[in-house]
Structures are given as C-alpha cells and as structure tokens.
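Q: Could you take me through one part of this model up close? I'd like to start with a single helix and how it begins, then work outwards from there.

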Amino acid sequence: MKQNLLDRAISWIAPAAGARRIRQRAAVEIMTRGYDGASRDRLRYGWRTHATSADAEIGAAGSLLRDRMRDLTRNNPHAANALSVLVTHAVGAGIVPRAKDKRVNALFSEWAKQCDADGHLNFFGVQSLAVREMLEAGTGMVRRRRRLAKDGLSVPLQLQLLEIDHLDATKNGDISGGKRAAYGIEYDGLGKTTAYWLYSQHPGNATVLSSTSMESKPIPAEDVVFAFDKQRAGQTQGVPWGAPVITSLHDLQIYEQAELIRKKLEACMVGVVTGDDEGGVGLPLDGETTPGVYNADGEIVEKFEPGMIYHARGGRDIKFTQPASTATYDAYKTASLHTIAAGFRMPHALLSGRLDKVNYSSSKVGLETYKRTIEDLQWRVIIPLICEPIWDWFCEAAYFAGKIKNRNVPVEWSPPRFPSADEAKDVAARVAAMRSGLLNPLTAIAETGYTPDEVLAGYVEWNALLDKHGLIFDSDPRRMSQAGQTQQEPDDGEPANEDTS
C-alpha cells in the first residue's frame, strides 16, 4: 500500500503508530475488495436478482416467453426470419441416419414416408418441426404412437408432434408410489424422469368440447422425446432461443411503427392563409366571424390533411408547414439488429438479409463462428435428444414386427453440409482431405444429404447409360483424366491405368 502525506508524517513522529495505521488501512482495503458487478451502490440499486433455480424461473416466466416469441414469429419479420434460418441450417433437408445394414436403411426410408401420425410430414419434416418448436417455444416434444400390424405400415410405429403447452405445468407435489411431480414432469425416488403429465388436447384449442380433455394423464417417459437446450444444472425445460432479445424485437417493432407515423407527418405539407382580421371568412357567430382556420366552404377545420390549403380569419398571406426530417433511422435499426442477432447467436447479415455491411473476409469469419454454434446444437441437442430416441423406437418396432433381426442397430448420423461462401475452394479442400486420408469419403457423401448407396447406384446407372449409347464425356474418369487425357482401355478385365497427374 502506498503511503500518503499523513501516513509519512505520523510514521516520522511515531513509527509504531504509523505502522499500526498502515496495517489497519490495508485490512480495510482488503475487506472492501470484491467484484464490481456485485456492488450495491446507488447506480445499481434497481438491479434486482434472485437466487432461484432454473426450473423456478422457467416455471414463472416460461408460458409468457413462449406466447411472446410465437407472437413475434407470426408478426415480426426479423423474428420469423431468424427462426427460419436457424432451422434451415440446423436441419435443412434432414439429418440422415446411416446403418451398416442396407436392409435396415431401405426399411427406414420406406417407413420415413409414413411416420407422421398426422399424415402431413415425412421423417425429416418431423425433425424440422420438432427443432423449430424447440427453438421457438423452448422445448420440442414427440410422442411415440404404437400401431397394429393391420394398419398397413411398413413398421408399426408413428410419431406425434406436440407443443410444450400439452404439458400440465400445474402438476406439482407428491404422487402415489413414492413419486413426485414438478411442473408436469414426474420423477421417482432417485430423481429419474418416469413420466410426463400431458393433456389429450392443446389447452388453447378453441374446439375443446369437454372438460375431460383437459385432464392430464401420465405418459411414460420412454414414449416421449423431450428436447431442449440445457443451460443450467437441474434444468428440466427450455426457453425460446431468442429469449434475451424478445424485448429488443418488440421495441424495434414499436420504433418502426412510430417512424412510419413520423414519416407520414413529414409528408403532411399544409398551407394556411393568414393576415389581418378584416374581411375574414368563416362561420358567423352573433354577427361576427368565429376566430379559427376554415376550409373553402367556410367550415372550421379540426383535422388537417396533406396537400390542403386552409384559410385563417382575415387571411392576407399564406404560410406552409415545415415538416422536420431525420437521418437516424438506418443507424438505429442497424444497431438494434446487431443486438438482436447476438441474442439469436447468428450473424447480422443472416438476420437482416443485408449484405452491404459485410465483405468476403468478414462474412467468412462470421459464418465459421456460426457454423460452430450450429454444430454444437446438432451434436449436443438435436441428435442425442431427438434423432437417437426415434431411431431406437424404429428399431424396436421393426424387431418385434419381424422386419429386422437385431433390436439394437448401430447408426451414424449425417447432418447437412454447411453452405459454403466459396464452393470451389471448399470442394478442393475436401478432395485434398479425402486423398490424404483425413476425411472418410462415406462421411463426405453423407454430408450432401444422400447415402453412399444412393450415390454409387446413381453412378452405376449413369455409366451404363453412357456405355449403352457409346458416349464419352470429359467428366467420366473411366475415359478421361482430370488433365483431359484419354485413359487407357482395360485389357482382359484389368482395371484402367490410374491418372497420376
């Protein structure tokens, strides 16, 4: 600790007293140290925080957060675009499963067309909608619906998509059998999830006909996919992906409405004829003209319209309004959208659709960071919480239906390849990675959204057509090398020489 003038004076006169003073000052300073964010001064007096659990916070605010985010998605173009972009990049054409058994893959492809209990979507559509619900409302739910063999499905199983509103959040407390419920989720004595208490119909459905449909019932946890982005220990439900910027989105919407009204007022040019009070026009009142502003018919004006000219009493001159203009709209909106983009964890250009604010380098850096965010969402949430449980349901149903021999079939998941800012360079890099052994060609093919079997079957069919018609294209590696040289014809079944250029 640095001594001040008084410390030095006391130490010079009474060294022992000066030493005690310095020690006490140091102790006081140590006691008052701490985080600035935890200070309770007058500037932070209104900053109120609560030591509540994640479930307590979500239980109190989750319903309102969902309703507001859904309203924004319906009516706010930026919120709607943010959700659409996130789902498109996270799921796209679908996260494709690939088993080593080709018969299982073929059976899954057939079942994927019939899996939706509502009959509207295929498996990849169910994926997309479940992820969208998770991002928009905080939690995505899919219920397993077992079917009978007489239903005519390739596998006696279908999937029912549910909104989190089906969960009875009022179900709390102890349940018979030593179980307990919290916000509609049932647990056993060890804290393991055993069931979800669900309504048979959506509570907000206007066509609910009876009170019995509003009675929740426990659905076994193994029959429900319950997917959310877990951000705190002990958290059992999620919040909308854009929850931190719900207020910012609403404020920007209100600002744009106010800006539109102000622009209308700026365009409202009005002329008023003014002057002395003699010989004025207007309505007579006790033999005199009533002071005020009148139209050409002598009627008093209480509401002004753009482009009109009005007469003041005794007018001899004309005055025009001077609407004020401002140039801060674009700057404010851009700054607001940057904040909103940060809340949605995506680049500003993807949220706003404006590319005039970015160049190639900045967009590529932004996309790389965003790509890591999407990959984290895919491999930490979507695949383990949505895709893998559904695959297990499929395998179990197919096994008991006698369609496959093993109940547990290993599977690999291939998310869609992230869009490239420079396709030519990225493809060249992937080819180099495959040739050097750093990338498995099976994985590279699966990332395109196709299975290796589909790609190879397409090659076989295409090559057969070329040979049938005697056609040779420079894109055929059997005939032409990458350098444009003719490949040597195979002799006696020997393969053609490889191009080493």
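A: Let's begin where helix 6 begins: there, a side-chain oxygen of Asn-122 comes to within 3.2 Å of the backbone nitrogen of Phe-124. Keep in mind that this is a predicted model, so treat every distance here as a computed value.

Helix 6 itself covers residues 123-137, and its length checks out. At 1.5 Å a residue, those 15 residues should span 21 Å, and the end C-alpha atoms are indeed 21 Å apart. What about its surroundings? Of the 15 residues in helix 6, 11 are buried, so the helix is largely enclosed by the rest of the structure. The buried set includes Phe-123 at the front, Val-126, Ala-130, Val-131, Met-134 and Leu-135 further along, and Ala-137 at the back. It isn't purely greasy side chains either: Gln-127, Glu-133 and Glu-136 are on the buried list too.

Now look at what comes right after the helix. Gly-138 has a positive phi of about 105 degrees. Then comes Thr-139, in the loop between helix 6 and strand 2 (140-146). Thr-139 has a relative accessible area of 1%, so it counts as buried. Its side chain reaches the backbone nitrogen of Gly-238 at 3.1 Å.

On the other side of helix 6, the loop that connects helix 5 to helix 6 holds Ala-117. Ala-117 has 28% relative accessibility, which makes it partly exposed. Its C-alpha atom is 9.6 Å from that of Arg-143, although the two are 26 residues apart along the chain.

Step back into helix 5 (residues 102-112) and you find Phe-108 and Trp-111, 3 residues apart, or about one turn of the helix. An α-helix has 3.6 residues a turn, so residues three or four places apart point the same way. The rings of Phe-108 and Trp-111 form a tilted aromatic pair, 5.6 Å centre to centre with 50 degrees between the planes, and both residues are buried. The two belong to one aromatic cluster with Phe-123, Phe-124, Trp-391, Phe-394 and Trp-413. That brings us back to the start of helix 6, where Phe-124 offers its backbone nitrogen to Asn-122 and Phe-123 is one of the buried residues.

How many aromatic pairs are there overall? The structure holds 16. Another one to look at joins Tyr-255 and Tyr-332: the ring centres are 4.2 Å apart and the planes sit at 50 degrees, so this pair is tilted. It links distant parts of the chain, with Tyr-255 in helix 7 (residues 246-266) and Tyr-332 in helix 8 (residues 329-344), 77 residues apart. Tyr-332 is partly exposed, at a relative accessible area of 37%.

Follow the chain on from helix 8 and there's a backbone oddity. Arg-345, in the loop between helix 8 and helix 9 (348-352), has a positive phi of about 60 degrees although it is not a glycine. Most residues other than glycine have a negative phi. Arg-345 is partly exposed, with a relative accessible area of 31%.

Tyr-183 is another non-glycine residue with a positive phi, near 55 degrees. You'll find Tyr-183 in the loop between strand 5 (179-182) and strand 6, and its 25% relative accessibility makes it partly exposed. Strand 6 (residues 185-187) contains Glu-186, which counts as buried at 7% relative accessibility. The side chain of Glu-186 makes a polar contact with the side chain of Trp-197, at 3.1 Å.

Last stop, the second largest pocket, which has a volume of about 550 Å³. Its lining is made up of 25 residues, with Lys-371, Glu-375, Arg-417, Phe-418 and Arg-430 nearest the centre. Helix 10 (360-400), strand 16 (412-414), helix 11 (423-435) and helix 12 (441-446) each give two or more residues to that lining. Helix 10 supplies the largest share, 8 residues. Sorted by class, the lining has 11 nonpolar, 4 polar and 10 charged residues.

Methods
Residues numbered from 1 in each chain as written. Predicted model: local features only at pLDDT ≥ 70, side-chain atom pairs only at ≥ 80, totals over all residues. Heavy atoms only, no water. Helix = DSSP H or I, 4+ residues; strand = E, 2+ residues; numbered from the N terminus. Expected span 1.5 Å × (residues − 1). Buried < 20%, exposed > 50% of the residue type's maximum accessible area, 1.4 Å probe, protein only. Polar contact = N/O pair within 3.5 Å; in protein donor to acceptor, adjacent residues only side chain to side chain. 1 Å grid on protein atoms, 1.4 Å probe; cavity = no way out; pocket = protein on both sides within 12 Å on 5 of 7 lines; lining within 4 Å. Points joined across faces, edges and corners; volume = space filled by probe spheres on them. Nonpolar A, V, L, I, M, F, W, Y, C, P; charged D, E, K, R; others polar. Phe/Tyr/Trp six-rings, centres within 6.5 Å; stacked < 30°, edge-to-face > 60°.
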